[in-house]
Amino acid sequence: MTHDTGSHTGFKRNEAVGLDLGWVNQIKVNRNAADRRAASLANRRTVKKEYQAAWLIKALQCIDLTTLGGDDTPGRVERLCMKAMRPLRTDLMEALGVTGLTTGAVCVYHEMIAPAARILNGRLPIAAVSTAFPAGLASMETKVREIELSVAAGATEIDIVITRQHVLTGNWQALYDEMVAYRQACGEAHVKAILATGDLLTLENVAKASWVCMMAGSDFIKTSTGKEGVNATIPVALTMVRTIREYHEQYGFQVGFKPAGGVATAKSALQYLTLMKEELGREWLEPHLFRIGASSLLTDIERQLEHYVTGNYSANHRHAQP
């Protein structure tokens with residue numbers, strides 16, 4: 001398994017294709033249909049036994065293991081990185097017959113890139129949140145400079161936040177120009193556009209913002225910062241994933257998807273995996289096209305896998321907390 005988002009055979013990184021306002025302005029989303037489809041996913045019987053174990057291992061490989069607290073310390077980030085490189089206990093990995101298991105990346109603030117880089121030493125991608133995360137309300141000059149500094153410090157992925165007012169006022173040209181500038185500042189580092197969907201009010205706004213960010217060259221679109229009142233939800237994810245499918249059909253580029261915020265249980269991770277597989281296909285279930293932004297999710301996946309191996313659940317406190 002490779003962790004370099006750009007190294008997959010035949011993978012063609014998304015490029016800015018130009019803003020098509022005619023396309024963006026005609027986008028409509030059927031809220032009732034989206035809710036029905038989301039409900040069908042939520043109510044479905046989950047996969048069981050060895051199939052569930054395999055899916056949970058896949059979910060684990062796609063986690064952006066995250067710490068974004070005001071009380072982050074280098075020591076906490078170092079522990080997070082150690083957990084990312086060895087997310088499952090050795091006895092569980094042996095019982096499951098897997099080796100070399102890691103999460104997809106670690107996700108930290110700019111100030112914590114250096115301690116992460118010391119531990120990871122290039123073995124896993126470092127994603128840094130940028131552009132005045134989480135509100136995004138700083139000058140454009142400041143936000144672009146922050147990206148440049150994070151890339152220089154060793155971040156190989158940048159999670160940017162869009163300016164929500166551009167979406168809420170329908171200023172799609174401003175959003176497009178902003179995203180193009182962010183992509184340019186990232187250089188070789190891959191960029192994930194955080195839409196902060198809980199702030200965007202309607203699924204139509206979510207779909208339009210997704211399209212504009214992809215047209216501007218975003219490598220991933222991501223639901224949330226995790227700091228909004230409402231974060232990742234299945235109806236929002238469905239809307240975003242369908243824009244990814246249509247964009248691929250129209251322009252030939254594969255864009256990744258990252259739900260983040262509130263994805264804390266193995267069951268919810270399985271719902272997102274199922275959504276990806278059914279809407280986009282098996283190809284999108286790899287770390288270069290699918291990530292889950294999470295912190296406590298890993299603990300629940302480890303508990304579920306321990307139950308599969310031993311038949312018993314252990315208490316949360318027995319698992320190392322990232």
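## Report on the predicted fold

Among contacts in the protein between residues at least 6 apart in sequence, 77% join residues at least 24 apart. The model described here is predicted, and every value below was computed from it.

### Overall dimensions

The chain holds 13 helices and eight strands. For 322 residues, a compact globule would have a radius of gyration near 20 Å, and the protein has 19 Å, which agrees. Burial is counted for residues under 20% relative accessible area, and 56% of the 322 residues meet that description. The whole-protein values are collected here.

| Property | Value |
|---|---|
| Radius of gyration of the protein | 19 Å |
| Span of the C-alpha trace along its principal axes | about 55 × 45 × 40 Å |
| Accessible surface of the protein | about 13,400 Å² |
| Share of that surface belonging to carbon and sulfur atoms | 50% |
| Share of residues that count as buried | 56% |

### The sheet

Eight strands form an open sheet with parallel pairing, in the order E7-E6-E5-E4-E3-E2-E1-E8. Its edges are strand E7, residues 256–258, and strand E8, residues 292–294, each of which pairs on one side only. From one strand to the next, the twist averages 25°.

Within this sheet, E4 and E5 can be followed residue by residue. Strand E4 covers residues 157–161 and strand E5 covers residues 190–194; the two pair in the parallel sense over five bridges. One bridge partnership joins aspartate 159 to lysine 192, the latter lying in E5.

A helix also packs at the E7 end of the strand order. Helix H11, residues 234–251, lies across strand E6 (220–222) and E7, and runs at about 170° to E7.

### Alanine 153

Attention now turns to a single residue. Alanine 153 belongs to helix H7, which comprises residues 140–153. Its relative accessibility is 37%, so alanine 153 counts as partly exposed; this class lies between the limits of under 20% for buried and over 50% for exposed.

Leaving aside residues up to four places away in sequence, alanine 153 touches His110 and Ile113. As for glycine 217, the separation from alanine 153 is 64 residues in sequence and 23 Å in space, taken C-alpha to C-alpha.

### Summary

The predicted model thus presents an open, parallel sheet of eight strands in a protein that also has 13 helices. Helix H11 lies across E6 and E7, while alanine 153, in helix H7, is partly exposed.

Notes. Residues numbered from 1 in each chain as written. Predicted model: local features only at pLDDT ≥ 70, side-chain atom pairs only at ≥ 80, totals over all residues. Heavy atoms only, no water. Pairing = 2+ DSSP bridges. Helix = DSSP H or I, 4+ residues; strand = E, 2+ residues; numbered from the N terminus. Axes fitted to C-alpha atoms, helices over the stretch in contact; angles between N-to-C directions. Contact = heavy atoms within 4.5 Å. Buried < 20%, exposed > 50% of the residue type's maximum accessible area, 1.4 Å probe, protein only. Rg over C-alpha atoms; globule rule 2.2 N^0.38 Å. Areas by Shrake-Rupley, 256 points an atom, 1.4 Å probe, with all protein chains shown as cover.
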